[in-house]
Amino acid sequence: SYAMQIPMIKSLNVLVADDSLITVKKLTGMLEELGHKVVHTAGTGSEALRAYRQYRPDLVTMDITMPDMDGIEATRQIILEFPDAKVIMVTSHGQEKMVLDALDAGAEGYVLKPVRRDKLAETLDKIIVRMA
């Protein structure tokens, strides 16, 4: 089975940035089920940046559309300050252009809303493998 190939699944400290409380709850639940720890949640881009500085998480799930500073700008700022930061974008259908901008800004990948647990797990596994 797939799990057999990765003897040790690394548990990540995650910052969840999204202005939708429903999405935050859903993502937090999925991440915890997958064995990760949500260390903080942020509702805006600038909050995400502040929280990143404070918590130095292993990973950020970053919503693209947020008030005050969007997820792309927040990603750009985080990676400028912390070049090793790992960010995955959480995006709605029809935001492909924005996803490309986010990848240019340094994001590691993306998941589509509504987020599916298997897709999230797959994206996280790719990042964990690259971190090893």
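## Starting at G71

Let's begin in the middle of things: if you skip residues up to four places away in sequence, G71 touches M62, D63, I64, M66 and M89. You'll find G71 in helix α4, which covers residues 71-81. Is G71 buried or exposed? G71 is buried, because its relative accessible area is 0%, and the cut-off for buried is under 20%. Try one distance while you're here: K97 sits 26 residues from G71 in sequence, and their C-alpha atoms are 13 Å apart in space.

One thing to keep in mind as you look around is that this is a predicted model.

## The whole chain

Now zoom out. The protein chain has six helices and five strands. Reading from the N terminus, the order is α-β-α-β-α-β-α-β-α-β-α. The box that the C-alpha atoms fill is roughly 45 × 30 × 25 Å along the principal axes. Why can we call the size a match for a compact globule? A compact globule with 132 residues would have a radius of gyration near 14 Å, and this chain has 14 Å, so the two agree.

Of those 132 residues, 47% count as buried. Among contacts with a separation of 6 or more, 64% are between residues 24 or more positions apart. The accessible surface adds up to about 7,200 Å², and carbon and sulfur atoms own 56% of that. As for charge, the chain has 16 positive and 19 negative charges, and the mean positions of the two groups are 3 Å apart.

## Helix α3 and its cover

Helix α3 runs over residues 45-55, and its buried residues are G45, S46, A48, L49, A51 and Y52. Here's a handy bit of background: an α-helix has 3.6 residues a turn, so residues three or four places apart point the same way. Keep that in mind when you look down the helix.

What covers the buried residues of α3? The cover includes strands β1 (13-17), β2 and β3 (59-63), along with helix α4. You can see part of this from the side of A42, which lies in strand β2 (residues 37-42). Leaving out neighbours within four places in sequence, A42 is in contact with L15, V16, A17, D18, E47 and A48. A42 counts as buried because its relative accessibility is 4%. L100, on the other hand, is 58 residues from A42 in sequence and 23 Å from it in space, C-alpha to C-alpha.

## H36, tucked away in a loop

H36 sits in the loop between α2 (21-33) and β2. Being in a loop doesn't put H36 on the outside: at 7% relative accessibility, H36 counts as buried. A polar atom of the H36 side chain lies 2.9 Å from the backbone nitrogen of L12. Setting aside neighbours within four places in sequence, H36 is in contact with K10, S11, L12, V14, L31, L124 and I128.

## K113 and a cis peptide bond

The loop between β5 (109-112) and α6 (117-131) holds K113, and P114 is in that loop too. What is the peptide bond from K113 to P114, cis or trans? That bond is cis, with omega near -10°. For background, most peptide bonds are trans.

The side chain of K113 makes a polar contact with the side chain of D18 at 3.3 Å. The K113 side chain also makes a polar contact with the side chain of D63, at 3.3 Å. Apart from neighbours within four places in sequence, K113 is in contact with D18, T23, D63, V90, T91, S92 and H93. Two of these residues have come up already: D63 is one of the residues that G71 touches, and D18 is one of the contacts of A42.

## Two positive phi angles

Most residues other than glycine have a negative phi. So where should you look for something else? R56 comes just after α3, in the loop between α3 and β3. R56 is not a glycine, yet its phi is positive, about 45°. R56 is exposed, since its relative accessible area is 54% and exposed means over 50%.

D68 is in the loop between β3 and α4. D68 isn't a glycine either, and its phi is positive at about 70°. With a relative accessible area of 58%, D68 is exposed.

Methods. Residues numbered from 1 in each chain as written. Predicted model: local features only at pLDDT ≥ 70, side-chain atom pairs only at ≥ 80, totals over all residues. Heavy atoms only, no water. Helix = DSSP H or I, 4+ residues; strand = E, 2+ residues; numbered from the N terminus. Polar contact = N/O pair within 3.5 Å; in protein donor to acceptor, adjacent residues only side chain to side chain. Contact = heavy atoms within 4.5 Å. Rg over C-alpha atoms; globule rule 2.2 N^0.38 Å. Buried < 20%, exposed > 50% of the residue type's maximum accessible area, 1.4 Å probe, protein only. Areas by Shrake-Rupley, 256 points an atom, 1.4 Å probe, with all protein chains shown as cover. Lys, Arg positive; Asp, Glu negative; His and termini not counted. Charge placed at Lys NZ, Arg CZ, Asp CG, Glu CD.
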